[in-house]
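Here are some exercises to work through with the model open beside you. Try each task before reading its solution.

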Amino acid sequence: MLHVDKVDSLLHYEYGNYHSYCIIQSDEFGNIDLRKSKPIRGTYDEIDEMGLFLSIQPSQEHRYGAYLRNHLANPFYYTLELISESEEVIDRINLIKRWCHPLVSQINIAEPEFHGTIFKPPGPGPFPCIIDVPGATGNLSNGHASVLSASGFLVYTFAYYDYKDLPKKLQDVDVEVFSKHIRFVQSLPYCSGKIGLYGASLGGTIACFLATKHPELSAVVSLNGPEAFYKDTGSMKENGKTMECETYNHKSTTLINGIVKQKDNFLELFNKLKPETSIKWDTISKNIPFRIVSAIDDWLLCGVTNGLNMRNHLQKTGHFVEMDFIFCGHMVFVPYYPFQAFAYNKYVRVSLGFGGDCTISSKTKETLWQRNIEFFKKYLGIPPNVPDYPRKSVIFVPDSAKSKM
């Protein structure tokens, strides 16, 4: 007998849960197979066994405009429920998604004005290394780094402002601090000497800038990184003096349902770039290959124009550059990290729009992540495989993961 049942997915989050669902028709034996069944309706609409995780979105209890934070790379806990047409819960199961492989060592670095985290795969090494360059928040966030390390790389990330004894504002940071972190990684006995930079958003701009200072780098990946720094919210100091930058004009801002779309602002900004306000692309070693990733539906940047500009700069100066345009918005996290269409930014005190479609962006991240890993393997060397680990058969959701709203 055919039934129409609902499958509910809940991501437990202490500041408001995330939710997805699908309505599925069972077969004549009452079985549901998400690998074969197309939802009648739900938060996704194609046959996809991972559709519930790709389409998960903030529930009504989640604070409007809030980020989902996972700075400590803690596990995510999910609850899946099978619900009958009469709203009876037929079955329930808890799942855990780890962000850090259990065999990867997490080494915290806490010294005066120097804070970071090393993710070291098992074994003595040496390992090819990726430095995850933080974006505009400047805080210590281990989410990207922990997932990168599961592919066998030695990964390092750090904070550079708004954290403990570090400067409180981005504008008070001197770019020399980034070189200190690179030199620290070079000193690690288990680093192979092959070091790549990975940066998203402003972190991508910083990664490109650092290539002008460090010819020994082996690869750079910039994901939705603006092609230059800008005043007043995207610039720092160099040699103790404020960087020479073009000034961001807020008058070109588009407001859509209270959400700020900045695409036109940055188009105007970067059309005014001069040699002294641009990254010195011609000073970058020709031995450093680049991978530039740009989102087509980016509400912050014009992804196509920004990406093409960066590619053209690098090609003109004789660099190898791999270009990838993706169907996403500005915020592109690791695979299966919940989609973020917009968020309130405490530094500029507005809700910034990022763009993108939930399910399309989430599916894109699956392939994008693999292409980034393949790029790093090609230019840093293939790291040893991290062994698999036994999974728990029964998962309990801890109280610390449950919503307190």
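Helices here are DSSP runs of H or I with at least four residues, numbered from the N terminus. Keep in mind that this is a predicted model.

**Exercise 1. Get to know S361: find its helix, decide whether it is buried or exposed, and list its contacts beyond its sequence neighbours.**

Step 1: find the element. S361 sits in helix α7.

Step 2: check the accessibility. The cut-off for buried is under 20% relative accessible area. S361 comes out at 4%, so it counts as buried.

Step 3: look at what touches it. Skip the neighbours within four places in sequence, and S361 is in contact with F327, C328, G329, F339 and G356.

**Exercise 2. Work out what the salt bridge between D48 and K363 joins.**

Step 1: check the distance. A salt bridge needs a side-chain nitrogen of Lys or Arg within 4 Å of a carboxyl oxygen of Asp or Glu. For D48 and K363, the closest N and O atoms are 2.6 Å apart.

Step 2: place both ends. D48 is in the loop between β3 (41-42) and α1 (51-54), while K363 belongs to helix α7 (residues 358-380), so the bridge ties together parts that are 315 residues apart in sequence.

Step 3: compare the surroundings. D48 is buried, at 13% relative accessible area, whereas K363 is partly exposed, at 38%.

**Exercise 3. Do the same for E246 and K274.**

Step 1: check the distance. The closest N and O atoms of this salt bridge are 2.8 Å apart.

Step 2: place both ends. E246 is in strand β16 (residues 246-247) and K274 is in the loop between α5 (263-271) and β19 (290-295), which makes this a link between distant parts of the chain, 28 residues apart.

Step 3: look at the accessibility. E246 has a relative accessible area of 9% and is buried; K274, at 36%, is partly exposed.

**Exercise 4. Start from the salt bridge between R291 and E322 and find the network around it.**

Step 1: begin with the pair. The side chains of R291 and E322 meet at 2.7 Å, N to O.

Step 2: locate them. R291 is in strand β19 and E322 in strand β20 (residues 321-326), so this bridge ties together parts 31 residues apart in sequence.

Step 3: check how covered they are. R291 is buried at 1% relative accessibility, and E322 is partly exposed at 25%.

Step 4: widen the view. R291, E322, D324 and R371 are linked in a network of salt bridges. Over the structure, the count comes to 13 salt bridges.

**Exercise 5. Which residues of α5 are buried, and what do they pack against?**

Step 1: list them. The buried residues of α5 are N265, F266, L269 and F270.

Step 2: see how they are arranged. Around the axis they cover an arc of only 115°, which puts them on the same side of α5.

Step 3: find their partners. These buried residues of α5 pack against β13 (230-231), β16, β18 (259-261) and α6 (303-316).

**Exercise 6. How many disulfides does a search of the whole structure find?**

Step 1: recall the bond. A disulfide is a covalent bond between the sulfur atoms of two cysteines.

Step 2: run the search. It finds zero disulfides.

Step 3: test C191. Its closest cysteine sulfur is in C129, 4.8 Å away, too far for a bond. C191 is buried, at 10% relative accessibility.

Step 4: test C208. It is in no disulfide, and the nearest cysteine sulfur, that of C245, is 15 Å away. C208 is also buried, with a relative accessible area of 0%.

**Exercise 7. Zoom out and describe the whole chain, then the domain that UniProt places in it.**

Step 1: count the elements. The chain has seven helices and 22 strands.

Step 2: judge the compactness. The radius of gyration is 22 Å, close to the 22 Å that the globule rule gives for 405 residues, so the chain is as compact as a globular protein of that length. Its C-alpha trace spans about 70 × 55 × 40 Å along the principal axes.

Step 3: look inside. Buried residues make up 52% of the 405 residues. Of the contacts between residues at least 6 apart in sequence, 68% join residues at least 24 apart.

Step 4: add the record. An unreviewed UniProt entry places the feature "domain: BAAT/Acyl-CoA thioester hydrolase C-terminal" at residues 173-381. That span is 33% helix and 23% strand, and its end C-alpha atoms lie 33 Å apart.

Methods
Residues numbered from 1 in each chain as written. Predicted model: local features only at pLDDT ≥ 70, side-chain atom pairs only at ≥ 80, totals over all residues. Heavy atoms only, no water. Helix = DSSP H or I, 4+ residues; strand = E, 2+ residues; numbered from the N terminus. Buried < 20%, exposed > 50% of the residue type's maximum accessible area, 1.4 Å probe, protein only. Arc of directions from axis to C-beta. Contact = heavy atoms within 4.5 Å. Disulfide = S-S within 2.5 Å. UniProt positions renumbered as here; feature names shortened; annotations may be inferred. Rg over C-alpha atoms; globule rule 2.2 N^0.38 Å.
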